[in-house]
Amino acid sequence: MDPSILVRIDRAIADNLNDIERSFGSQAGIVQDFIIFISKKLKVDLFGYTRFTLKEFCQATGRRRQELALIRPEFSSGNKKPPEIQGYAFNTVMDYALYSMMEKNIIFSSRYEIKGNGDVIHMHSFPILKNLKLNFNKKVNEEKVYDVRLSNELLTGFLYRYYTVNAESYKLVGKGRGGDGRKRLLVYLCKLNHVLVSINNTNTTTVPVDRLCQFAGIDDPKPSHKKQNLSRVLELIKTEGEFDFHYNYLNISGREGYFVNLVFPTSLTKPILQREHVFYCRLLEGLKSVFDSKRNLELLEADKDPFQ
């Protein structure tokens with residue numbers, strides 16, 4: 001597997017995907033896409049503001065530019081006034097989603113525990129952005145350029161607590177109706193693969209059908225229909241999404257319902273994960289050490305996070 005298509009998603013987010021929808025409602029799909037997209041950008045753009053265009057975002061996530069550039073119905077109808085920053089109204093689908101990520105956190109439905117430096121940290125919410133700027137000239141119809149500054153939590157997760165997600169497959173499975181559900185399911189499959197490789201050193205696991213259906217947004221009451229629709233989604237992830245895995249159904253005696261046996265290929269290996277992890281940790285720790293030895297405190301005191 002080409003390591004360049006792997007992106008890192010913070011475990012706190014990947015383990016609580018349903019809380020994105022609960023916190024952001026109809027914007028949840030865009031919020032999840034943004035987290036995957038910006039995590040890929042972080043691999044080559046670690047410092048300061050991360051810059052991108054709407055075209056870049058759509059190319060990386062499979063979304064349609066026309067839909068994200070539309071003014072949201074509540075703003076176009078006049079029922080609600082869009083938020084403004086320095087005279088610019090954040091009224092399009094994409095602009096308002098970015099503004100919402102700066103204004104709101106992902107609120108976890110239950111306390112989430114993570115380990116950091118030997119300590120257990122309890123997280124109740126997760127911020128995504130801490131600043132947002134727009135750069136473009138309205139008079140010459142210049143393409144809009146977004147500058148975002150990511151939360152410290154997102155940056156820490158990128159370095160130290162993460163699962164890897166196949167960014168190319170993520171983009172491919174999102175195209176067409178039901179794309180958000182397929183993307184959530186793909187993130188879950190990637191998470192399973194990462195855990196199996198990095199911790200259990202195996203490539204096989206068994207999970208309940210209902211769990212996979214929950215991520216995919218399949219809520220058919222009839223078990224046979226549920227299984228049929230899940231198979232359709234899994235096949236699409238394999239073929240259209242080019243995500244290599246195998247599955248078969250099990251009906252385990254003494255336990256209710258179907259189970260799915262998942263087998264992942266060995267292209268994602270522990271050495272690949274370890275090499276990349278060591279590279280970024282050493283890079284950032286080395287740069288931080290140089291920065292601390294040379295920085296001018298008087299010039300940087302206005303910035304709360306001068307190293308970033």
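**Buried core, helix contacts and loop residues in a predicted model**

Leucine 262 is buried, with a relative accessible area of 0%. The model is predicted. Leucine 262 belongs to strand S12, which spans residues 259–263. Beyond its neighbours within four places in sequence, leucine 262 is in contact with Leu189, Leu192, Asn203, Thr204, Thr205, Val207, Phe245, His246 and Tyr247. Valine 187 is 75 residues away from leucine 262 along the chain, and the two C-alpha atoms are separated by 14 Å.

The largest nonpolar core comprises 82 residues. Phe34, Phe52, Ile128, Leu185 and Leu230 have the most contacts inside this core. Helix H3 (residues 28–42) gives the most to the core, contributing nine residues. A second core is separate and has five residues, among them Leu6, Val197, Leu268 and Ile272. Leucine 185 illustrates the contacts of one residue in the largest core. With residues up to four places away in sequence left out, leucine 185 touches Leu212, Phe215, Ala216, Leu230, Val233, Leu234 and Ile237. Of these partners, Leu230 is also listed among the residues with the most contacts inside the largest core.

Isoleucine 128, another residue on that list, can be related to arginine 149. These two residues are 21 apart in sequence, and their C-alpha atoms are 9.0 Å apart in space. Arginine 149 is part of strand S8 (residues 145–150). Despite its charged class, arginine 149 counts as buried, at 12% relative accessibility.

Helix H7 covers residues 93–103. Nine of its eleven residues are buried, so H7 is largely enclosed by the rest of the structure. The buried residues in H7 are Val93, Met94, Asp95, Tyr96, Ala97, Leu98, Tyr99, Ser100 and Met101. Asparagine 91 lies in the loop that runs between S4 and H7. Its relative accessible area is 19%, and asparagine 91 is therefore buried, the cut-off being under 20%. Outside its neighbours within four places in sequence, asparagine 91 is in contact with Leu70, Ile71, Arg72, Phe75 and Pro82.

Helix H8 (residues 152–160) packs against helix H13 (residues 270–294), with axes that come within 8 Å. The two axes cross at roughly 130°. That angle makes H8 oblique to H13. On the H8 side, the residues involved are Phe158, Leu159 and Tyr160. They meet His277, Tyr280, Cys281, Leu284 and Glu285 in H13. By class, this contact has six nonpolar residues, one polar and one charged. Cysteine 281, one of the H13 residues in the contact, counts as buried at 9% relative accessibility. Cysteine 58 is likewise buried, at 8% relative accessibility. The structure holds zero disulfides.

Leu284 of H13 takes part in the contact with H8 and is also touched by phenylalanine 47. Phenylalanine 47 sits in the loop between H3 and strand S2 (50–53). Its relative accessibility is 32%, and phenylalanine 47 therefore counts as partly exposed. Apart from residues up to four places away in sequence, phenylalanine 47 touches Leu284, Leu287, Phe307 and Gln308. Proline 306 is 259 residues from phenylalanine 47 in sequence, yet the two are 9.9 Å apart in space, C-alpha to C-alpha.

Two loop residues have a positive phi without being glycine. For glutamine 86, phi is near 50°. Glutamine 86 is found in the loop between strand S3 (84–85) and strand S4 (88–89). At a relative accessible area of 84%, glutamine 86 is exposed. For glutamate 242, phi is about 55°. Glutamate 242 is placed in the loop between helix H12 (223–239) and strand S11 (246–250). Glutamate 242 is exposed too, with a relative accessible area of 58%.

Definitions and conventions:
Residues are numbered from 1 along each chain as its sequence is written. This is a predicted model: local features need pLDDT of at least 70, side-chain atom pairs count only at pLDDT 80 or more; totals for chains, interfaces and linings use all residues. Side-chain values use heavy atoms; hydrogens and water are left out. A nonpolar core is a set of buried Ala, Val, Leu, Ile, Met, Phe, Trp, Tyr and Cys residues joined through side-chain atoms within 4.5 Å. Buried means under 20% relative accessible area, exposed over 50%, partly exposed in between (1.4 Å probe, protein chains only). Helices (H or I, at least four residues) and strands (E, at least two) are DSSP runs, numbered from the N terminus. Contact means heavy atoms within 4.5 Å. Axes are lines fitted to C-alpha atoms, for helices over the stretch in contact, and angles run from 0 to 180 degrees between N-to-C directions. Angles under 35 degrees count as roughly parallel, over 145 as roughly antiparallel, 65 to 115 as roughly perpendicular and the rest as oblique. A disulfide is a pair of cysteine sulfur atoms within 2.5 Å.
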